[in-house]
Amino acid sequence: LGNQIRMARELEIAASLQQALLPPTPAHPDFDFVGRMRPADEVGGDFYDVLRDGDENNLWITIGDVSGHGLDAGLVMLMTQAAFASQFRASAQANPRDAVRNVNQLLCENIAERLRDRKYVTAQVFAYRGKGQFLCAGAHQPTIVYRANKKECETIEIPGPWLGIDPGISDIPVVPIVLGPDDILCLYTDGMPEARDAAGNLFDIPRFVALIAEMAQKHT
């Protein structure tokens with residue numbers, strides 16, 4: 001019983017740390033931000049971050065998901081989030097392809113050689129280049145963009161490698177995304193489309209896209 005109480009307390013502390021590392025009040029003159037994370041367990045492997053330098057208004061948005069749940073996944077999540085932040089601080093104008101490649105090499109070393117684990121990470125970085133233009137790299141869920149002028153959503157597939165498996169990956173596509181006035185960029189992890197109702201039915205991507213369009217039309 002004592003061990004169970006101690007473990008529960010450690011998980012509670014880890015969950016608090018995970019929430020504390022989320023961006024508190026993201027701000028940029030070109031965008032409004034809103035975000036939320038609700039782990040399936042006490043500690044999850046999902047993360048998102050909004051990185052900005054105040055002087056130049058450089059901006060990166062990162063999002064990712066570590067395989068599995070629990071403390072091990074939470075630890076790899078922290079590594080990944082910190083690695084992307086370090087890339088941003090080193091060069092906010094770097095090509096997102098290089099950022100993903102560097103983060104992958106670090107994760108391969110830490111996960112396989114140090115943790116002796118077989119976890120992997122799906123993660124993307126969206127590097128802002130001004131005038132609504134993003135350069136995106138990495139593998140994750142399909143990106144959803146609500147187009148205000150058409151009053152409908154566009155689903156964008158961004159191909160890329162999973163991270164933490166092969167340190168030698170080099171073919172990392174970069175996909176441009178351009179947002180217009182009142183467009184909405186929706187990033188999420190698999191907890192959204194894979195949620196199930198009481199009957200066991202998946203929420204799925206089409207329903208999610210339809211809900212985003214419906215809500216956006218009501219508020220724009």
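Which residue in β8 does V145 stand opposite? V145 stands opposite L185.

This is a predicted model, in which local features need pLDDT of at least 70 and side-chain atom pairs count only at pLDDT 80 or more, while totals for chains, interfaces and linings use all residues. Residues are numbered from 1 along each chain as its sequence is written, and side-chain values use heavy atoms, with hydrogens and water left out.

**The sheet and helix α4**

Helices (H or I, at least four residues) and strands (E, at least two) are DSSP runs, numbered from the N terminus. Two strands pair if DSSP finds at least two bridges between them. An open sheet of 3 strands runs in the order β6-β5-β8, and its pairing is antiparallel. Because β6 (152-156) and β8 (184-186) stand at the edges with a single partner strand each, one side of each has no neighbour in the sheet. From one strand to the next, the twist averages 25°. Between β5 (residues 143-147) and β8, the antiparallel pairing covers 3 bridges. Helix α4 (residues 204-219) packs on this sheet and touches β5, β6 and β8; its direction makes about 30° with that of β5. Contact here means heavy atoms within 4.5 Å. Axes are lines fitted to C-alpha atoms, for helices over the stretch in contact, and angles run from 0 to 180 degrees between N-to-C directions.

**Cysteines**

A disulfide is counted when two cysteine sulfur atoms lie within 2.5 Å, and by this rule the count is 0. Buried means under 20% relative accessible area, exposed over 50%, and partly exposed in between (1.4 Å probe, protein chains only). Two cysteines are listed below.

| Cysteine | Closest cysteine sulfur | Relative accessibility |
|---|---|---|
| C153 | C186, 7.8 Å | 18%, buried |
| C186 | C153, 7.8 Å | 15%, buried |

The 7.8 Å from the sulfur of C153 to that of C186 is too far for a bond.

**Helix α3**

Helix α3 (residues 96-114) has 19 residues and reaches 26 Å from its first C-alpha to its last, close to the 27 Å expected at 1.5 Å a residue. The expected span is 1.5 Å times one less than the number of residues. The buried residues of α3 include A99, V103, L107 and I111. The buried residues of this helix pack against β2 (59-66), α2 (71-90), β3 (121-128), β4 (133-138) and β7 (174-178). At the N-terminal end of α3, N95 acts as a cap, with a side-chain oxygen 2.8 Å from the backbone nitrogen of R97. After α3 comes R116, whose phi is positive, near 55°.

Conventions. A polar contact is a pair of N or O atoms within 3.5 Å; within protein, one must be able to donate a hydrogen and the other to accept it, and residues adjacent in sequence count only if both atoms are side-chain atoms.
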